[in-house]
Amino acid sequence: MPRRKVLILGAAGRDFHDFNVVYRTDPAHEVVAFTATQIPNITGRRYPAALAGPLYPEGIPIHAEEELEKLVAELAVDEVVFAYSDVSNQQLMEVGARALAAGADFRLLGPHATMLRAARPVVSVCAVRTGAGKSPTTRRVTAALKAAGLRVVVVRHPMPYGDLARQAVQRFATLDDLRVHECTLEEMEEYEPHLAAGSIVYAGVDYEPILRRAEAEADVIVWDGGNNDLPFYGADLEIVVVDPHRAGHETTYFPGLVNLLRAHVVVVSKVDTAAPADVTAVLAAVHRHNPRAAVVRAAVPFKVDDAERALVAGKRVLVIEDGPTLTHGGMSYGAGVLAARALGARELCDPRPFAVGSLHGVLEAHPRLVELLPAMGYGAAQVAELEETIRRAACDVVVVATPVDLRRVLRIDAPVCRVRYELEEVGAPTLADVLVPVITAAKAGR
């Protein structure tokens with residue numbers, strides 16, 4: 001029988017995982033190409049033969065998603081597999097329509113096919129949108145498990161933007177490991193807070209060997225999801241974060257609604273800054289779609305060192321926020337904007353006149369970003385462009401609200417006010433409460 005030809009649409013994450021666990025050793029299917037979107041500098045590469053396996057001695061090419069129809073025709077594609085996340089339901093079906101119009105089948109792979117099983121208890125923390133508050137939730141979960149006396153290893157959703165073969169399995173224990181693995185700014189934003197809290201972090205490309213390595217040094221594995229994707233590991237407790245600042249998005253984005261429907265625990269974050277009516281609307285949506293889930297209400301207050309608070313009042317401020325929250329997540333503000341306004345900033349600087357290189361294109365593609373600058377840093381060149389954009393900005397103070405301290409990565413000549421934020425439960429249950437069964441199972445299994 002001829003092999004069925006498959007084209008996988010991705011963004012350097014879920015696509016590689018789906019290939020590894022479903023297609024890599026399957027003689028009935030041939031993955032003829034990947035496509036890429038969302039992230040710069042991915043296309044034009046190949047998924048290397050060292051990772052692709054014996055059925056793919058030349059590796060697999062990666063093209064731009066814009067070439068979908070051309071690839072279906074030229075490569076005689078039978079099946080298009082959608083394998084990335086944080087897209088509206090409308091966008092998902094538009095991509096599906098393109099595949100169908102080109103003559104191919106259109107497929108979504110589900111949890112049973114793609115979730116690996118662990119020998120240790122797993123807690124997954126995912127979200128319905130990027131920027132919902134997943135990272136502070138993950139840190140809170142990790143702290144609660146450690147407080148119970150458990151060894152915790154964090155496994156982070158992939159961000160493999162460099163040499164894929166070298167990045168197959170990555171282990172981070174210190175800040176110096178960020179340099180060793182040549183991390184992008186986005187990777188630093190995700191790993192650094194865990195490292196600062198003393199947690200071991202694994203990430204990479206091939207998540208079965210990553211899992212086996214993590215199991216060897218953990219009582220509990222915490223899956224730190226990204227981009228509102230589904231977890232790669234089957235979890236004993238699935239925690240999903242929803243954002244009342246984007247009420248309604250919990251049911252209109254893929255695979256965010258899948259996460260919501262599967263959740264054992266739903267965390268409604270940012271209840272301290274969202275409009276009460278939006279909090280009520282999100283709670284109603286959670287109850288309607290998943291009435292069995294435990295609901296944790298949580299605030300995510302910003303924190304600023306006392307010595308830096310006085311820098312902002314009455315000043316013209318450039319706010320720098322977490323990049324993916326603004327680009328993938330569609331937000332037009334974040335903790336930095338809220339903090340700058342609360343601290344009495346006279347004006348929030350429009351970064352567009354000062355943007356250089358690729359940052360000019362990012363801001364042009366996201367016209368809502370007029371009062372803040374996304375911390376883009378996919379490679380050394382873009383980090384240099386971010387530094388130059390900050391230098392050119394006509395501001396008195398820079399407010400940095402990214403999880404990584406940009407002063408460690410960039411030269412910033414203006415005074416810096418750093419904004420931090422951590423999750424705090426409001427009322428009961430708390431995350432420690434909902435983790436009790438996992439804690440009990442982990443202790444019994446030691």
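Buried here means under 20% relative accessible area, exposed over 50%, and partly exposed in between, using a 1.4 Å probe and protein chains only. By that rule Y47 is buried, with a relative accessible area of 0%.

This is a predicted model, in which local features need pLDDT of at least 70 and side-chain atom pairs count only at pLDDT 80 or more, while totals for chains, interfaces and linings use all residues. Residues are numbered from 1 along each chain as its sequence is written, and side-chain values use heavy atoms, with hydrogens and water left out.

**Aromatic pairs**

Let's stay with Y47. Rings of Phe, Tyr and Trp (its six-membered ring) pair if their centres lie within 6.5 Å; planes under 30 degrees apart count as stacked, over 60 as edge-to-face and the rest as tilted. The count by this rule is 15 aromatic pairs. In one of them, F19 and Y47 meet edge-to-face, at 5.5 Å centre to centre with 75 degrees between the planes. Because F19 lies in helix α1 (residues 14–23) and Y47 in strand β3 (residues 46–47), the pair ties together parts that are 28 residues apart in sequence. Helices (H or I, at least four residues) and strands (E, at least two) are DSSP runs, numbered from the N terminus. F19, like its partner, is buried, at 0% relative accessibility. One aromatic cluster is made up of F16, F19, F34, Y47 and Y56.

**The open sheet**

Moving on to the strands, two of them pair if DSSP finds at least two bridges between them. Nine strands build an open sheet with mixed pairing, in the order β10-β11-β9-β12-β8-β13-β15-β16-β23. β10 (169–172) and β23 (424–425) stand at the edges with a single partner strand each, so one side of each has no neighbour in the sheet.

Strand β11 (residues 200–204) pairs with β10 in the antiparallel sense over four bridges, and with β9 in the parallel sense over three bridges. Here are some of the residue partners.

| Residue | Partner in β11 |
|---|---|
| R171 | Y202 |
| F172 | V201 |
| V155 | Y202 |

β11 is mostly covered, with five of its five residues buried. I200, Y202 and G204 point one way from the strand, and V201 and A203 point the other way. Helix α9 (residues 207–215) lies across β9 (152–156), β10, β11 and β12 (220–224), and runs at about 165 degrees to β11. Such angles run from 0 to 180 degrees between N-to-C directions, with axes fitted as lines to C-alpha atoms, for helices over the stretch in contact.

**A glutamate in β13**

E238 is found in strand β13 (residues 237–242) and counts as buried, at 4% relative accessibility. Its side chain makes a polar contact with the side chain of R262, at 2.6 Å. A polar contact is a pair of N or O atoms within 3.5 Å; within protein, one must be able to donate a hydrogen and the other to accept it, and residues adjacent in sequence count only if both atoms are side-chain atoms. Leaving aside neighbours within four places in sequence, E238 is in contact (heavy atoms within 4.5 Å) with S124, R262, A263, H264 and V265.

**Cysteines**

The structure holds zero disulfides, where a disulfide is a pair of cysteine sulfur atoms within 2.5 Å. For C395, the closest cysteine sulfur is that of C349, 5.8 Å away and too far for a bond. C395 counts as buried, at 16% relative accessibility, and C126 is buried too, with a relative accessible area of 2%.
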